[in-house]
Every structure is written in C-alpha cells, then in structure tokens.
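Me: I have a model open and would like to understand the words used for its helix packing. Could you take me through them?

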Amino acid sequence: MGKRLFGILFLCAVVFVIAGGSTCLAKEKVYINGIDANFPPFAYVDKNGNPDGFDVKSVDWIAKKMGFTVKHQPMDWDGIIPSLRAKKIDMVASGMSITDKRKEQVNFTTPYWNIDQVIVAPKACGRTVDQLLSGGNRVGVQRGTTEAKWMKDNLIAKGKNFVLVEYDSAPLAVEDVLNGRIVAAAMDDAPAKDAVRKKAVKIVGGFGMPSEDFGYAIRKEDTELLKMMNEGLKLLMADPYWEELKEKYKP
Amino acid sequence: MTESLIVLYGALPYLLRGSLVTIAVVAGAMMLGLVLGIHLAVGQVYGGRWLRRVIGVYVWFFRGVPLLVLLFLFYFGLCSLLQINLSAFTVSVIVLGLISSAYQSQIFRGAIMSLPQGQLKAARALGMSDGKAIALIILPQTLRLSIPGWSNEYSIVLKDSAVAYALGVMEMMARAHFVASRTYEHLPLYFAAGFLFMILTYLGTKGLRILEEKVRIPGYSA
C-alpha cells in the first residue's frame, strides 16, 4: 500500500516534469525570439500579457513574410546571450546594440535602428549632464548594457567622479530617480522617451557616448536564419508598415 | 491613485494566470521533493555507513548552495554540458524539487527519529521484512507527524519559486515586473504580487491543516 502510493507520487512527479519540458521540445519548427520585456517601446508585454513592441511586431511581420512561426520569450537581459548560445532561444530582436564584444559571440543582422544614449533626471532638476556626472553623485544604469560598460571604461576609469548604480532594467532605474536614491539614470533614448511620456522625468542630454546600432542577434552557426532575417528586414524597412511601426511605438 | 488602481485592475487577470504557473512550479517541486525526501530520510536513518555519508553530502550540497546559483548552474551550465535542452520551467521544478528534497528529508528524518525504536523490532519479530516494516509501520506515522513541518516547507518553496523569474519563467513576480516596466506603476504591482503570494500561502497551509486533522488517528500518540 505504502509502496504503491510512492510509486504513484513518483510517477506524477515524473509525468509533470516531462510534460512541462516537452511543450518546448515538441514544436521544432518554431523560432524563439528572446526579448527583454522590460524594454519599452521595443519589447514589453501588453495589457493582455502578450509580447508587444516595435521589435516584436517587426519580427512578427518578417516571420509572416518569410513563412516561419515565431514565439517571443521574455527573459532576463543578463542571461540573454548565454541563452542564445545554449539554444534556449534562436534570436534576440529586442533592442540589442551591435558591439565588437558581442560580435565575438553571436552574429548580427544589418542594423535597423540608430540609438543615442541619454541621461534622464527628475523634471524639476536644473543641473547639466556634467554637473550630474560629478561630485560623487549616484547615477543609475541597466546592468549588462553597452552604456554601463561605456560609462565604466570611458568616464569612471578616466577620473569622472560619480558612482554607477546598476539595475535590473531601465524602468527600475527611472523609478529610483523618482525615489531620489540616484540623481539620474543613463539609458537608450527610446526607453527614455517612453519614461518621459509616463513619469515626471526629463531627458537632460547625451553624455558623450557614440550612438549605436540595433541589430537582431543570431547564433553563429545559424547562417540560414541570418540570411532570412536580413532579407526580411530589407523588405520590412522598404514597406509602408515600417513607418506605421515608427508612428505607433515612437521609439 | 485611481490611475494605479486602473492599472492594477487591468493587470490582475495577467497576474492570476502567473499564479497558475507559480502553483505548477511549486506543486511539481514539492512532489519531487516528497518522493526523494522520503527515500533520503529512510536511507539516512536505516542505511549503511556509506549510504548515510552520501546522503549527508547531498543534503549539505542542496542546503548549502543558494537557489539562484543552482538555477543558473543547471539551466546554463549542466544543460549545455550534457546537451539536453530543458525549458526554464522544467529546470525550475527540478532545482526547487532537489533543494526541497534535502530539506524535506530532514523533516521526515526528525519524524522517524521521534518514533519509539521498539516498533521496528516488534514488526521484525512478527516476521515483517525491513522494507515492509518501514513502509507499513514507520512511514504512515512519519508522514502524519511531518505535516506541520511540511507546511513550513511549502510556504518556503512557494516564495522561493519567485526566483525562477531570473530564468524567464513567467510566474507572478516576472509578470508584475513586466507590467511595472510598461506602466511605471511599481508600487501597486509589487504589492499585488506580494498579496497573491500571501493568499497562496494561506490556502496551502490551511489545506495542510485540514489534511492533518483528517488523517489524525484519535487517541493515538507515538
């Protein structure tokens, strides 16, 4: 009796785990796009919990045009390149800047968006960027981003006197600007504009970081997929829908 | 204020669907922990010297390494090393289950140790095999005695499951975070997530309390 009960329990546990795992394994032909759902307006989840955003809708359009199915998988930004390399996902179309360092690990499509990095501060703040990035001030940034690395290498390492505070996402950094724990936050201009539309913050200006290009990241060995995405991007950017997307998401 | 409430109201169905994911993760982990934990406890109490030692190291490992480290270790490390592609959900269930098995084994071990030693000898004297005596005499009492400790473990695993958000499992915490990023309403959303966790804790511990009463043997004391 006792043994049988354990047997049943064990079976339950095994079936449960396998059932959970197989949902991902069963659909082989579906491409999975890993997104940072804390990155509006490029990638976020909408009211009904569906992935939405400029990049999400772009890839949806390309998928339809090129004849494949795509599923958007929200995940942590920190682990997104390891996830891509470990084949948990097949691409990252989620406002990823093309950098030499990342190019060593993954391939990028042709650039589709040019982005500047800006400093965001409370609306009432009267200080300039130089004043904010000095005097031992605490400045927020999203962990694992190009701007975090650039600020460390080019500002702090060269004697600028401020402290970089790292956050899980840009919106959390904005929240802490409003809380007053940090005087300002550095981020891409698109999410900064999104924050300005929703909260009492303003864009103070750039901080000297060269502008960057966004591209879709794809595993090195998936050259077929890279070719397909490049072709799709070319078609999309020539299509009126591209302007529609820009109008809708205002990146 | 009203704006926060509107956002919260709109996000509630989405968060509640996340609670189903949370429940699934916790149920899977607790079941896996239960099955493994019972075996570990029996092995640690009645096993030979080497078995006891191996189980001791197992318990040490899973109680000693932080959950987040184990999640990353299994998800990115072991899965790539062994070339198996498990989903974030599956890895979360397995890791939480293995950790829980270490804790649960000690709950069960404590319960077994609290039984009078003469019971097993009496069962043996009646001609039962060791396995049969453990399964029919020791474990039915052990499991009853373990329910209070087990409900403690349930509430801990429930809250630990929020860490699975780091792997991208779409449970409550991840969803609250995503909605907060879109709407910039951090306070009401984290509050709502916390409240939903409290409700799940209440329902689970209450259910176990009822179970405890249901399986109690009137007049029996160990």
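Here is a short exchange on helix pairs and on where two chains touch.

Reply: Happily! Keep in mind that this is a predicted model.

Me: Why are helix 1 of chain B and helix 6 of chain B called oblique to each other?

Reply: Their axes cross at roughly 135°. Over 145 would count as roughly antiparallel, and 65 to 115 as roughly perpendicular. The angle of roughly 135° falls in neither range, so the pair is oblique. The axes come within 11 Å, and the crossing is right-handed.

Me: Which residues of helix 1 of chain B meet helix 6 of chain B?

Reply: B:V26, B:A29, B:M30, B:V42 and B:Y46 do, and their partners in helix 6 are B:I134, B:Y154, B:V157 and B:L158. By class, this contact has nine nonpolar residues, with no polar and no charged ones.

Me: What makes helix 2 of chain B and helix 4 of chain B oblique?

Reply: Here the axes cross at roughly 120° and come within 8 Å. Since roughly perpendicular covers 65 to 115 and roughly antiparallel starts over 145, the pair is therefore oblique. Helix 2 passes helix 4 in a left-handed crossing. Among the residues that meet are B:Y58 and B:F62 in helix 2, and B:L98 and B:Y103 in helix 4. The contact divides into seven nonpolar, two polar and one charged.

Me: How many residues of chain B are in contact with chain A?

Reply: 34 residues of chain B are in contact with 37 of chain A. Helix 1 of chain B gives the most to chain B's side, with nine residues. That side divides into 22 nonpolar, ten polar and two charged residues.

Key
Residues are numbered from 1 along each chain as its sequence is written. Chains are lettered from A and ligands numbered from 1 in the order in which they are written. This is a predicted model: local features need pLDDT of at least 70, side-chain atom pairs count only at pLDDT 80 or more; totals for chains, interfaces and linings use all residues. Axes are lines fitted to C-alpha atoms, for helices over the stretch in contact, and angles run from 0 to 180 degrees between N-to-C directions. Helices (H or I, at least four residues) and strands (E, at least two) are DSSP runs, numbered from the N terminus. Angles under 35 degrees count as roughly parallel, over 145 as roughly antiparallel, 65 to 115 as roughly perpendicular and the rest as oblique. A crossing is left-handed if the near helix is turned anticlockwise from the far one by less than a right angle, and right-handed if clockwise. Two residues are in contact if their C-beta atoms, placed from the backbone, lie within 7 Å. Ala, Val, Leu, Ile, Met, Phe, Trp, Tyr, Cys and Pro count as nonpolar, Asp, Glu, Lys and Arg as charged, and the others, Gly among them, as polar.
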